There are 2 protein chains.
Amino acid sequence: MSIHKLFYPEGVVVIGSMAEGKIGHEIALQIRRGGYEKLFAVNPKAQGVHSVPGYDAVSKIGHPVDLAVIATPPSTVARVMEECGRAGIKAAAIITAGFAEVGNHEGQTEIKNVAGQYGIRFIGPNCAGFVNSSIRLCPTLETRPPAGKVGFITQSGAVGGVFLGMAKEEGLGISKFINYGNGADLNELDLLQYYIDNPETEVVCLYMESVSDGRAFMKIACECTRKKPLIVMKSGRTSSGMRAALSHTSSLAGSDDVFDSCLKQCGAIRVFSIEEMFDLGKGFAILPPLSGKKVAIVTNSGGPAILAADKAEEMDLDVMEPGKSIKEELSGFLPGHCATSNPIDLTVEGNENGYRNTLQTVLKEYDAVLALNITTPYLDSIPLAKGIAEASKQSDKPVLTSFLPRYLVSEAVNFLERQGIPNYYTAERAVTVISHMANQREAMQLCDPDMEESTLPGTSPMLEPEAVAWLVENNIPVPENRFADDMDETLKACQEIGYPVVMKVVSKDIVHKTDSGGVVLDIKNEDAASSAFNNIKQAAADKDFRGVIIYPYIKGGREVLVGISSDPQFGPVVVFGMGGIYTEIFRDISMRVAPVNVAEAKIMVRETKLFKLLKGARGEKPVDIKALAELISTVSQLPFQYPDLDEMDLNPVFMFQEGLLVGDVRVIRKNK
Amino acid sequence: MSIHKLFYPEGVVVIGSMAEGKIGHEIALQIRRGGYEKLFAVNPKAQGVHSVPGYDAVSKIGHPVDLAVIATPPSTVARVMEECGRAGIKAAAIITAGFAEVGNHEGQTEIKNVAGQYGIRFIGPNCAGFVNSSIRLCPTLETRPPAGKVGFITQSGAVGGVFLGMAKEEGLGISKFINYGNGADLNELDLLQYYIDNPETEVVCLYMESVSDGRAFMKIACECTRKKPLIVMKSGRTSSGMRAALSHTSSLAGSDDVFDSCLKQCGAIRVFSIEEMFDLGKGFAILPPLSGKKVAIVTNSGGPAILAADKAEEMDLDVMEPGKSIKEELSGFLPGHCATSNPIDLTVEGNENGYRNTLQTVLKEYDAVLALNITTPYLDSIPLAKGIAEASKQSDKPVLTSFLPRYLVSEAVNFLERQGIPNYYTAERAVTVISHMANQREAMQLCDPDMEESTLPGTSPMLEPEAVAWLVENNIPVPENRFADDMDETLKACQEIGYPVVMKVVSKDIVHKTDSGGVVLDIKNEDAASSAFNNIKQAAADKDFRGVIIYPYIKGGREVLVGISSDPQFGPVVVFGMGGIYTEIFRDISMRVAPVNVAEAKIMVRETKLFKLLKGARGEKPVDIKALAELISTVSQLPFQYPDLDEMDLNPVFMFQEGLLVGDVRVIRKNK
């Protein structure tokens, strides 16, 4: 398996100029300094560097070589790859830039073809290389990080460089780092798949700017989160280009929202800055698992602790006061001027014993403890760190710290981190880590739609009576209805349904029925029905008038929207939210990559603010959430059953205490 | 003026033990190390420290002394203050803790009384002292910062300590720092007032946990922002205690929301973390003013620039592409592989010339430039810094940088900051600074209500006909209406108003009219009116039934809410938002400390999401925003005209294309 050969090669050759200042030279030096031994250089001058021997051809090395690190000019790369292939090399890191990223797609295709011919797997071109700490192999221009448990995959070399710089500065250990650059061969999917089973990697951080295959990504991401935490940062989230080609229901759903939904479904954690990714990677690498949301804040000063408590409450952690017995225990050993509510303030007099005893006590009741120490030049922080570390060692719960100001506490912070206690630059950042850990959810089993495929019935565009019949066929509840194309039938139909009724025009030509006088609500009697029919018919005089559809007039239900849209990366997406004009203003919607089961659909409903209303705000009766979740799940499967279904809106769906009814439906077929 | 004596004393005495490890000792050393010369120590042993002479009484010093720094045990502080007073000292910093913060209010009052008697102004007790860089005076236990332009005021010593630690680490200059602790005498109001006219302070940072007098704070804050930027961090924003004692309209308005509104009105900038305050203080201290929202991002690597662009777009900055001529100019000197859209990517080959020329070019079109440099161990960042600095020098627009990874760029960063270019830890943090600078608005002139006071008319609680008449008296538009207390009058009134009408019960006892069958909508004819009257009367059978009030039935208006609530710190507050059940769910409200003029009221309306609907979303006609702003302004003055008005809801207010009508009113008087 060649990805494994990439990370664990039997020998490495750097191909490129070894002249000072050249990239080949820098990389060879970096690898050698990193401690990897079986290293060779190849270039036309057969030049080596330091103790690295140089050859003028790969074939002349005379030692097994599995990995080629290529830093030759772009026009030569294909030829170099061919030479590697003939020499039996199965893995390559192509550092050289100047391919697809500057429009040179032919060059990139050529490389790919050669690689395919010889069975070479490679990263790049246009990449910053990789790091495998377990064998001290660092074919990269970026910072060499300490060894550890965090696996990092990045599309951008620079983001990788910043992360590795932070890792070096803060002493965070990295198991593997890789930058796949243009991703001509190996991309985020292959690499994530590899990290899942890599035993040295206990948490995966992934930075990406684009998803190569949405559904394949989901599958692998779900597999990952069942084994280890996955932290994802995706940029390019606002560019207007990302939102193109999506309409109506989709217009609520910039594809970044879909990506966001995908991560939720996978149980992955999304972050929005390198610092946040770093903080969280450090937390997961060092801390034991968190089992709840109860957080105690132990401090020696008020202000920063209040800031932490504010942030914790905002992030939905539970900063509850200690129970009576814990409070009593605290009062037993703390001086009277200490606050024993939460935050627990030991004041500037807080010492080693105070921190140790307080932590030991609150760890009995809370799920995690954040210990703050804001010091001044005349105080020593080491004893406090010792007290905290001792208490932490006796517990299997997460203990985090924020010691400040930084320039006064570096020794104490090093001590803490050696003891398995991550320290954060501010208390708020520590709180963010706890919150992410607490909100981590299990990956949903991605439903695998395996159903008989069929074709949407009816005309194009689908007429309302056809659409309604099709909904019924698929077990989606609609109100009783009748189609009628003349006055007699219309009055008969109204009679059968029972007044008050609603009458709507049926016409291929009329899309906005309400605007064009094609809808009459609350028709109370035969007179009104008769004039409604005449008015609708007249309004459609020069259109393709087929008749009218009649429903009972429904009042009092809570109105929601359920829809399907299609994302270019992820395919069918199911959307739930508030119907009507407010939808666009408040964007109170939730979405998922389709299909979803009923359990996931319930989570979707609970995610919206609207949920407060549906479950019965202000003393009103709750609506039938179960029926709603079933509808969402059913709807989410339709695009798989009917592959020609592109978009659909059920809007409004009337929600009742028992059951629901779809008030209007719009179906869009795929363009063939 | 004693605050001035505090900051600029003629001589300083530290009163407290000079034994090693004691606070008095540490402070005396700190002052001496800071470089202040005229320093004396007083304690029973007449002990000095290093070159600081010791005396056993203040009166024996024999040199003018204006400031006493007191670090004696709490029980002795009043006596020490008395001694100081007798010796003619007019300013004190009481470091000693153990007063109001631990319940010792008597002790604190005693100190205050002594101070009052001798005309001493003081900070503390329970404070960390202060710094006045301009005379190198540092009576504090916290870090001594470099001298500069940022003035800092803090209620929390620890937050101050963290800020000063950052200032030292990053070389940010501080003009004055002060921690007022318990604020028994000098508090945020006095100190802010002093900083306004302090010429060395060019930007003010303020951390507070409570406001001592909301309206006084607003007045001073407005005065400050007309002269220099004011950056405020207030914590304690989530604690449930802050939200107590507020009801209904007020229940939308935790007093933290009111504080937020106050800052908007004052043109102050609110931040939520010490890092953000620091970043912004640095920006304002160093950068020239920003005149617009157009930001160019110049980079040598893609990923971090995309992250910056995402953040900028989210923060409402304009990351537009360069115009045609600028693009042509860029293409004239940049290599073909560089991206000339925005971000402008010079790639890893970006050098001194590239950065200089690019910045010079884009500074012609953009309001600010953010220059990124993500480097690797083998590259030198100094030339890039030079190129950026040269371009910046030729422009009067803000140029910010983010050079990373930090451990590789410290020399370049020092160079940049010496050249007046602030560097930020991440590009996103730099973007946040630009956004805050761009969104800074001018302080509103706080309206000074100067009107004849009068008393609310009618009974208590106010009956609807009384309330409606009172609204009319105050030029607030209500629909035509009639009061009737028997069937004949009712039918006559309905006739006069014209069907369809609305009928509502009038009763002192019935608060929730709808719930108790006291409201009938859409009454279409005399029959319906007659039965409505009977039903309402019957429903109120065992209540204080006074009659009914009749309005026309209004349809089709957009419904909003305008209200008054009362904040414990700021007094009357005016609230605008969406009416009905959605108010509480979406919290789409805006508020201001009352009164507001029409211009400010318009800003309030524009702040809500609802505004999109009001101005005519989806092709609908816009409603009368001018009338709405006039209503909000009128309503905001009522609490000053009627001091016994506590709360009021106008809900719904029906908005039309022209004009508006108040649909329902509820008035609550103050408890006497």
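Student: How much area is buried between chain B and chain A, and how do I read that value?

Tutor: Buried area is the accessible area (1.4 Å probe) that two parts lose on being put together, summed over both. Here chain B and chain A bury about 5600 Å² between them, with carbon and sulfur atoms giving 63% of that. On the chain B side, Tyr378(B), Ile585(B) and Phe586(B) lose the most area to chain A, together 12% of what that side buries.

Tutor: Some ground rules, too. This is a predicted model, where local features need pLDDT of at least 70, side-chain atom pairs count only at pLDDT 80 or more, and totals for chains, interfaces and linings use all residues, while side-chain values use heavy atoms and leave out hydrogens and water. Residues are numbered from 1 along each chain as its sequence is written, and chains are lettered from A, ligands numbered from 1, in the order in which they are written.

Student: How many residues does each chain bring to the contact?

Tutor: Contact means heavy atoms within 4.5 Å. By that rule, chain B brings 69 residues and chain A brings 67.

Student: What relates the two chains?

Tutor: Two copies of a chain are related by a rotation about an axis and a shift along it. The copies are superposed by least squares on the C-alpha atoms of residues with pLDDT of at least 70 in both. In this case, a turn of 180° and a shift of 0.0 Å along the axis lay chain B on chain A with an RMSD of 0.1 Å. That is the relation of a two-fold axis. The same surface serves both copies, as 97% of the contact residues of chain B recur in chain A. Phe586(B) is the residue of chain B that comes closest to the rotation axis, at 3.9 Å (C-alpha).

Student: How many salt bridges cross the interface of chain B and chain A?

Tutor: A salt bridge is a side-chain nitrogen of Lys or Arg within 4 Å of a carboxyl oxygen of Asp or Glu. The rule finds two across this interface. Arg429(B), for example, forms one with Glu275(A), with the closest N and O atoms 3.3 Å apart. Over all chains, the structure holds 72 salt bridges. Arg86(A) and Glu82(A) also meet in one (3.9 Å, N to O). These two are four residues apart in helix α3 (residues 77–86) of chain A, so about one helical turn separates them.

Student: How do I read a sheet, say the six-strand one in chain A?

Tutor: Helices (H or I, at least four residues) and strands (E, at least two) are DSSP runs, numbered from the N terminus. Two strands pair if DSSP finds at least two bridges between them. The sheet in chain A is open, has mixed pairing and runs in the order β7-β9-β8-β10-β11-β12. β7 (130–132) and β12 (269–271) of chain A each have a single partner strand, so one side of each is left without a neighbour in the sheet. Inside the sheet, β8 (residues 147–154) and β9 (residues 174–179) of chain A pair in the parallel sense over six bridges. Ile153(A) stands opposite Ile178(A) in β9(A).

Student: What is the strand order in the four-strand sheet of chain B?

Tutor: That open sheet has the order β14-β13-β15-β16 (chain B), with parallel pairing. Its edge strands, β14 (344–345) and β16 (399–404) of chain B, each pair on one side only. Two bridges join β13 (residues 295–299) of chain B to β14(B), and Thr299(B) stands opposite Asp345(B) in β14(B).
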